[in-house]
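Open your viewer and get ready to click along. We will make a few stops, and at each one you will select something and look around.

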Amino acid sequence: MLYFDNAATMQPHYKALEVYKRTAEEVFGNPSSLHTLGVKAEQVINESRKVLAKELSCDPDNIIFTSGATESNNLGLFSSASAYGRNGSRIVTTSVEHPSVAEPLKYLSTKGFEVVYIKPDRNGEINPQEFLEAVNDNTCLVSCMLVNNETGYILPVRRIFTAIKHKNSRVVTHCDAVQGFMKIPVKMTDLQADLITVSAHKIGGVKGVGALIKSKNVRIIPQIYGGGQERNSRSGTENVPAIASFASAVEYTKKGEELISFLRNNLNREYITINSPENGSPYILNVSVEGVKSEVMLHFLESKEIYVSSGSACSKGKVSGVLREFGVKNPDFSIRISLSDESTKNDLRTLIKAIDEGYNSLLHMR
Ligand code: PMP
């Protein structure tokens, strides 16, 4: 089996699974309980917080564990809108965000916020100047992802946020860093982000756990009320084993050989168009295969136990609007190949050969 859908989810690292199982068995106390079993569970969470904090160069106290990036994005955006909406009703974002950012913002636009979308330019790039110009005195929040999940394009977040902070220091900056975390450098202060979203299952942890990291002075208005866990920011008994395995995935991630240019250079360019930029994520390559619909190629490869994605897993069945935003001419012919640190050159050779075979046989069937 060859798995190239790591941007959708990664196979959990065996160490992360080991930690999950051990923690579930041995540290089963409720972290809010006052007895030693509870204290032990709380310690596990706090140790995990330290591991993430070291990686992100932030204060462990500013890490809020959530059920995943979708919740982190919702919490970051809705919280900021309610805490800082009085500073202005404008929110600036890009037209290529993941639905877990795009949909909350769409909702806010029905509640009196004006949402301004910055689109990629003719070269498929988000222009920091255009972003900056969209931010005015009436702006309370900006949200810009770090790495696009469909194409691997790396957005100039640091440049955008630095310039914005300079222009209007009251603006809260949020970054969905899900596809960048543990893949390219992600540091809280470097990015000039007030809020950062990360997810465990994209880095070899288990599903259903993520984090929202906040800067010291940013206020969080909870979106889930209850027992006041996570310093009153997010109620609900913490998923202790998942949190521990998230931290172990961070600790055990080892950089593999960078293979994206090998893939790029060895695909047959007579019939394959590359939709990802040269200097994008070292893990994601989006390509279009001439004359072969995404799903047809996906299932052909699947018959050989090779797994890729047609666009983004979250837009299942729908033709991607994001690829069109990037100027991709034929999004319905595109497949996303996303690597992990375990991917090898040999795996890629097998994939390239299988795409060739697929193209030749599927094209003749038309
Ligand atoms: N943001 C981005 C950029 C993503 O790629 C994803 C996962 N597809 C998410 C957010 C949502 O992550 P989760 O599955 O942890 O909710």
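The tour begins at the ligand and then moves on to pairs of helices.

Before you select anything, note that this is a predicted model, where local features need pLDDT of at least 70, side-chain atom pairs count only at pLDDT 80 or more, and totals for chains, interfaces and linings use all residues. Residues are numbered from 1 along each chain as its sequence is written, and side-chain values use heavy atoms, with hydrogens and water left out.

**Stop 1: the ligand**

Select the ligand and the residues near it (those with a heavy atom within 4 Å). You should find 15 residues around the ligand, the closest being T70, D176, Q179, S199 and K202.

Now zoom in on the polar contacts (here, pairs of N or O atoms within 3.5 Å). Which ligand atom does D176 approach with a polar side-chain atom? It is a nitrogen atom, 2.7 Å away. Click Q179 next: a polar atom of its side chain is 2.8 Å from an oxygen atom of the ligand. For S199, the distance from a polar side-chain atom to a ligand oxygen is 2.7 Å. On its own the ligand would expose 400 Å², and the protein buries 89% of this (accessible area by the Shrake-Rupley method with a 1.4 Å probe).

Color the shell by class: four residues are nonpolar, nine polar and two charged. Here Ala, Val, Leu, Ile, Met, Phe, Trp, Tyr, Cys and Pro count as nonpolar, Asp, Glu, Lys and Arg as charged, and the others, Gly among them, as polar.

**Stop 2: helix α3 and its partner**

Select residues 69-84, helix α3, which gives the most to the ligand's shell, with three residues. Helices are DSSP runs of H or I, at least four residues, numbered from the N terminus.

Add helix α4 (residues 99-109): the axes of α3 and α4 come within 9 Å and cross at roughly 30°. Axes are lines fitted to C-alpha atoms over the stretch in contact, and angles run from 0 to 180 degrees between N-to-C directions. That makes α3 roughly parallel to α4 (an angle under 35 degrees; over 145 is roughly antiparallel).

**Stop 3: helix α8**

Finally, select helix α8 (residues 240-252) with helix α1 (residues 14-26). Their axes come within 8 Å and cross at roughly 150°, so α1 and α8 are roughly antiparallel.

Methods:
A polar contact is a pair of N or O atoms within 3.5 Å; within protein, one must be able to donate a hydrogen and the other to accept it, and residues adjacent in sequence count only if both atoms are side-chain atoms. Helices (H or I, at least four residues) and strands (E, at least two) are DSSP runs, numbered from the N terminus. Angles under 35 degrees count as roughly parallel, over 145 as roughly antiparallel, 65 to 115 as roughly perpendicular and the rest as oblique.
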